[in-house]
Amino acid sequence: MKAKSLAATGFLLAVLAEACSVGILGLSGWFVAASAVAGASAYSAFSYLAPSGGVRAFALGRISAGYANRVVLHAAALRRISATRLAVYDHAAGSEDTSWSGQSLDRVMADADTTGLALIQATTPVVVAAVMTAGGCVAIVLAGYPIVALTLAVAVVACAMLAAAAARRMDDTSRTRGLLRTELVTAIEAWPEMASLGAVDQLARRTLGRLTAFESGRNRHAATTARAVGGARGVTATALLLAVVLTARDGATIATLVFVALLTAGVLANAERLVSAAGAWVQARQADAHLRSAGENESRRPEIASTFRATYDGDRLAVAGYQLPETPTREAREIAFTVAAGNALTVTGVSGSGKTTLLTAITTVIRQQTGSAVITAVLADDYLFTGTVADNIRLANPAATEADITDLLAAMALEHIDPQTPVGVGGRGLSGGEQRRLHLARALASQPDVLLIDEPTAGLDTSTAADVLAAVRRRLPRAVLVLAIHETPADPNLHFGVGARLAANRHWLALDR
Amino acid sequence: MTSERAAAEARNWLAGTAAPGRRWLLVAAGSQTLETAFTVMQWTGLAWVARDVLDGGRPSWQGSGVLLGGGLLAAAAAWSTARCQSVGRQRVAHALRRRLVAGLLPTAQRHAEPHPARAALATVELTDDIADYHAQTLPQRVSAPVSMTLIFVVTAVVQWPAAVILLLASMLIPLNMRLAGLFAKEGADARLAAGARLAAVVLDSFRGMPTLRNIGALGRRRTDLARAADDLNSTTIAVIRRASLSGAVMDVVITFSIAANATYVGLSLLGYVRIGAGMSLFRGLLALLICPMYFQPMRAMAAAFHSRERALAAVPAISELLVGTETGMASAERVPPPCGPVTVALDNVSFRFPGSEEPVLHGLNLTVHQGQWTAVAGPSGAGKTTLLSLIAGVRPPSGGTVQWLTSTGASSPWLGGCAWIGQQTVLLPGSIGDNIRIGRPDASLADVLHAVAAAGLADVVARLPRGLDTPLGEGGSGLSSGEARRVAIARAFLSDAGLWVLDEPTAHLDLDTEAQLIVALRNATDGRTVIVATHSPSLAHSADFLISLDEKTVREAIRV
């Protein structure tokens with residue numbers, strides 16, 4: 001069933017359950033009052049069978065509809081939570097340069113829960129209150145007391161207005177919270193400076209002052225809500241009295257009077273719930289706003305310069321206009337190079353010299369071009385996903401057979417690892433060198449035309465590194481390889497002996513100088 | 001087993017945080033009980049009016065008064081409950097934030113390096129989750145048994161057989177709870193497994209997003225994510241189906257009680273049944289009306305589950321920040337800086353943050369020459385700031401020694417003994433002069449003016465309407481970030497330290513401002529020892545020595 005119709009069914013069931021719940025009390029009251037009248041007169045023809053049958057029907061309806069609406073509404077809410085999560089994933093996947101911390105993820109997931117549960121906590125009470133009010137008014141008008149129905153309607157509208165007013169004043173605190181967080185970050189970063197001046201007390205006092213002001217603001221909002229809760233309760237108490245007095249004045253029998261009073265009370269109880277529903281609605285809206293801005297505060301990679309061009313036309317990888325920034329140990333300069341298919345380029349530089357940034361920039365730009373070239377980068381912070389070794393390889397190529405995977409592992413000198421071995425959370429079940437080679441195996445599985453490898457020798461001894469890189473070239477004879485290594489080895493053959501076997505024409509690009 | 005213990009510890013810790021707001025929350029519980037009592041009064045009024053009408057008359061003033069009065073008093077009690085809950089909530093949150101601020105901005109040494117964004121999230125957002133939980137559940141837990149007893153007693157007084165029905169129904173409740181527990185347990189393991197799997201998939205997917213992009217697997221991963229979410233949803237629905245079943249049993253109990261009560265009252269009034277005291281419409285109606293109220297607190301308690309989950313999730317993030325910060329909080333008197341020029345000697349220094357396995361610095365030997373500028377360059381995360389913090393005495397090294405050598409001897413570093421300027425200048429409320437005097441409130445006007453001149457602030461101060469006494473706006477508004485940085489230089493100058501430790505002092509400034517600031521810094525630190533961490537080429541080039549920090553140690557030191 002579609003999420004929308006599921007929710008609609010849930011609403012319907014919730015209304016039914018509430019109607020039965022009000023009905024059972026109203027009918028019982030009517031029955032008790034009618035019995036009192038009949039018991040007082042000597043020869044009464046009053047039969048208790050019909051009303052008690054009605055009570056039984058209502059009871060059954062309340063139990064079954066209550067059960068069904070809980071299950072259906074939860075299903076709809078869960079559906080909505082999943083959809084929200086996927087939307088956040090799509091949003092994150094669509095923006096190139098956002099990285100996520102575990103904590104911000106927790107927050108996003110909690111916000112997704114809030115927006116989903118709003119279906120139960122905000123929308124349902126509103127729908128139920130509206131339908132119950134309409135139904136209650138119609139029933140009372142049919143019983144012949146239009147003034148009482150009018151009183152009831154006015155009281156419900158008054159409650160709704162109180163709830164809405166309180167909710168409106170509960171303005172969005174997410175901006176205030178954002179400012180406060182920035183403030184705290186600044187204070188924490190400024191701590192050594194203030195401590196060196198002996199002024200930490202003043203810094204702490206100011207920070208606490210800001211937090212206190214924020215709490216007072218929240219407390220004021222809470223006071224508004226408390227007034228709305230009390231106000232709504234006062235309105236319903238008054239409306240109940242008016243309903244009883246007006247019904248009695250119009251000469252209602254005692255049974256009708258009790259029925260109208262209990263029906264009114266039931267409907268008004270729903271009106272009181274509007275206050276908390278409005279609060280939940282505001283919270284859901286805030287969670288929604290967080291979700292829309294999710295990831296905006298996360299760390300970002302540097303922008304790519306507009307002069308930068310990278311293309312791969314099947315024969316060569318051409319890079320031009322890359323702006324290498326100045327650092328304390330090096331001048332700024334522009335980088336350009338071409339690497340023909342089947343050849344390799346080795347980029348060297350100490351950590352922080354911009355190797356990874358260069359590799360990422362090339363990958364990003366080429367991937368954005370429409371074309372059939374497959375470009376894959378193996379970066380130092382590559383991630384292994386919870387699951388088996390085979391799962392990780394199939395992520396790159398779902399068509400990989402068991403034999404392909406065994407082959408790939410053997411080529412990466414990982415023949416001792418069974419494809420069904422779980423890698424553990426973040427790959428922690430494997431050693432550093434094994435993780436590295438599994439990254440490579442996974443990259444090879446997608447048969448890239450251009451393969452960029454950051455620190456291919458990290459965590460591997462010289463001979464294994466040589467074997468592994470030779471295997472990479474064997475499996476991808478036509479591919480352009482770009483390798484980034486930590487430093488220019490004094491003797492390339494000693495440290496990086498595989499160089500000669502990678503390609504006849506290999507190029508070096510040093511980022512240090 | 002250990003995870004169970006951790007969970008128990010988290011629960012205990014969570015319970016402990018309620019103390020500061022307990023009194024208000026108990027008042028809220030009292031109000032909640034009063035609300036129940038006044039609602040009973042309201043229904044008494046309704047039954048009274050019904051009796052009046054049955055007796056052939058109009059609603060009496062007394063009856064109407066009790067009906068309205070009960071309702072209005074209940075409204076007041078409801079208001080008071082919400083109000084006290086919110087005050088209690090504020091107390092709990094404030095006490096927790098006070099502890100966090102004391103831990104994050106300690107007066108003594110700072111041993112851990114709190115992640116600023118995470119600490120801010122915990123302080124601003126997660127604290128509220130805990131306070132909300134206490135405000136919601138504590139009053140409920142206290143008032144529920146009292147309210148239920150109250151209604152039971154009133155029912156017993158009005159119509160004892162109706163109370164017997166309630167008693168029978170309540171006997172079903174523990175059974176129902178057991179049933180609910182059994183049902184929940186049965187599905188809980190599957191749900192927990194599916195939940196953990198989804199959490200892992202979600203965490204993996206977002207953490208590994210760059211990798212997914214690199215191997216072109218974003219779309220495939222989305223399918224995995226959707227499938228894991230569906231799995232969780234279907235197990236959750238199974239659990240909810242079972243849990244709702246126990247809710248349905250509860251509904252059966254309530255409806256049965258109402259129906260049984262109504263039938264008993266009706267039949268008594270019709271004269272078919274004769275048990276208990278004389279039946280009247282008043283007694284019968286009242287017993288019927290307050291019957292559903294008896295079960296209300298229990299339903300409310302079941303609804304608080306979600307907020308408890310949220311609060312428990314917030315516990316580790318907050319308690320982690322408080323670990324180790326609440327001991328040794330002795331507020332150290334500030335010891336003035338050492339006289340004369342300082343040389344800093346680091347011998348085989350290593351540093352590891354508590355709880356982390358990887359050292360940040362290892363086997364580091366370095367001499368920071370007196371009266372010279374030494375710049376530290378290196379990639380982000382190489383440990384520049386950590387090195388600076390050891391030199392400045394923010395924290396002691398894990399291994400090796402850091403010493404300040406002066407003409408009078410050698411000493412371990414202490415934070416008040418040097419000047420530190422960071423990336424962000426915090427200006428406190430007050431005038432620009434107050435901000436310069438922060439480190440030396442008793443400094444003479446001549447000294448302050450000297451510092452202002454040294455920091456190149458003289459023009460700025462001359463431009464301000466009231467000179468040094470010009471109050472600064474919120475967060476130092478009215479000054480540019482370059483000018484704010486000069487205030488930092490002036491106050492460091494005024495503290496008269498022989499050693500200056502600068503952590504990226506020109507970050508976030510444009511090139512012109514940076515150039516001017518470097519001149520001001522060189523002026524102000526004439527003859528003093530300066531160590532500065534920076535990414536900025538122009539700042540590095542203006543230093544006397546340049547150190548590259550890489551792979552946890554000093555890679556090379558060159559004379560610029």
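How many salt bridges does a search of the whole structure find over all chains? The search finds 30 of them, and I would like to use some of those pairs as a route through what is, I should say at once, a predicted model.

Let me begin with a pair that crosses between chains, running from B:Glu125 in helix H4 of chain B to A:Arg177 in helix H5 of chain A, which covers residues 174–189. Their side chains meet in a salt bridge, with 2.9 Å from N to O. B:Glu125 has a relative accessibility of 3%, and because the cut-off for buried is under 20%, B:Glu125 counts as buried; A:Arg177, at 10% relative accessibility, counts as buried as well. If we leave aside the neighbours within four places in sequence, B:Glu125 is in contact with A:Arg107, A:Arg177, A:Arg181 and B:Ala120.

This pair also belongs to something wider, since A:Arg177 and B:Glu125 are part of a network of salt bridges that links them with A:Arg181, A:Glu215, A:Arg218, B:Arg89, B:Arg97, B:Asp128 and B:Asp132. Within chain B, B:Asp128 forms a salt bridge with B:Arg97, and the closest N and O atoms are 3.1 Å apart. That pair links distant parts of the chain, with B:Asp128 in helix H4 and B:Arg97 in helix H3, residues 61–104, the two being 31 residues apart. Both B:Asp128 and B:Arg97 are buried.

For a contrasting setting, please look at helix H7 of chain B, where B:Arg227 and B:Asp224 are three residues apart and therefore separated by about one helical turn. Their side chains meet in a salt bridge at 3.8 Å, N to O. Here B:Arg227 counts as partly exposed at 49% relative accessibility, and B:Asp224, with a relative accessible area of 26%, is partly exposed too.

Now to the interface as a whole. The contact takes 144 residues from chain B and 128 residues from chain A, and the two chains bury about 11800 Å² between them, 67% of it on carbon and sulfur atoms. Between chain B and chain A the count is 11 salt bridges, and one that I would point out joins A:Arg70 to B:Asp251, whose closest N and O atoms are 3.3 Å apart. On the side of chain B that touches chain A, the largest share, 30 residues, comes from helix H7, residues 218–270. By class, that side of chain B has 82 nonpolar, 33 polar and 29 charged residues.

Back in helix H4, which spans residues 116–158 of chain B, we also find B:Ser147. At 5% relative accessibility B:Ser147 counts as buried, and its side chain makes a polar contact with the side chain of B:Thr36 at 3.2 Å. Not counting residues up to four places away in sequence, B:Ser147 touches B:Thr33, B:Thr36 and B:Pro297.

Finally, a word on chain B overall, which has 16 helices and 10 strands. Its radius of gyration is 35 Å, well over the 24 Å that the globule rule gives for 560 residues, so chain B is more spread out than a compact globule. The C-alpha atoms of chain B fill a box of roughly 110 × 60 × 45 Å along the principal axes, and 54% of its 560 residues count as buried. Among the contacts in chain B with a separation of 6 or more, residues 24 or more positions apart account for 76%.

Terms used:
Residues numbered from 1 in each chain as written. Chains lettered and ligands numbered in written order. Predicted model: local features only at pLDDT ≥ 70, side-chain atom pairs only at ≥ 80, totals over all residues. Heavy atoms only, no water. Contact = heavy atoms within 4.5 Å. Buried area = accessible area lost by both parts, 1.4 Å probe. Salt bridge = Lys/Arg side-chain N within 4 Å of Asp/Glu carboxyl O. Helix = DSSP H or I, 4+ residues; strand = E, 2+ residues; numbered from the N terminus. Nonpolar A, V, L, I, M, F, W, Y, C, P; charged D, E, K, R; others polar. Rg over C-alpha atoms; globule rule 2.2 N^0.38 Å. Buried < 20%, exposed > 50% of the residue type's maximum accessible area, 1.4 Å probe, protein only. Polar contact = N/O pair within 3.5 Å; in protein donor to acceptor, adjacent residues only side chain to side chain.
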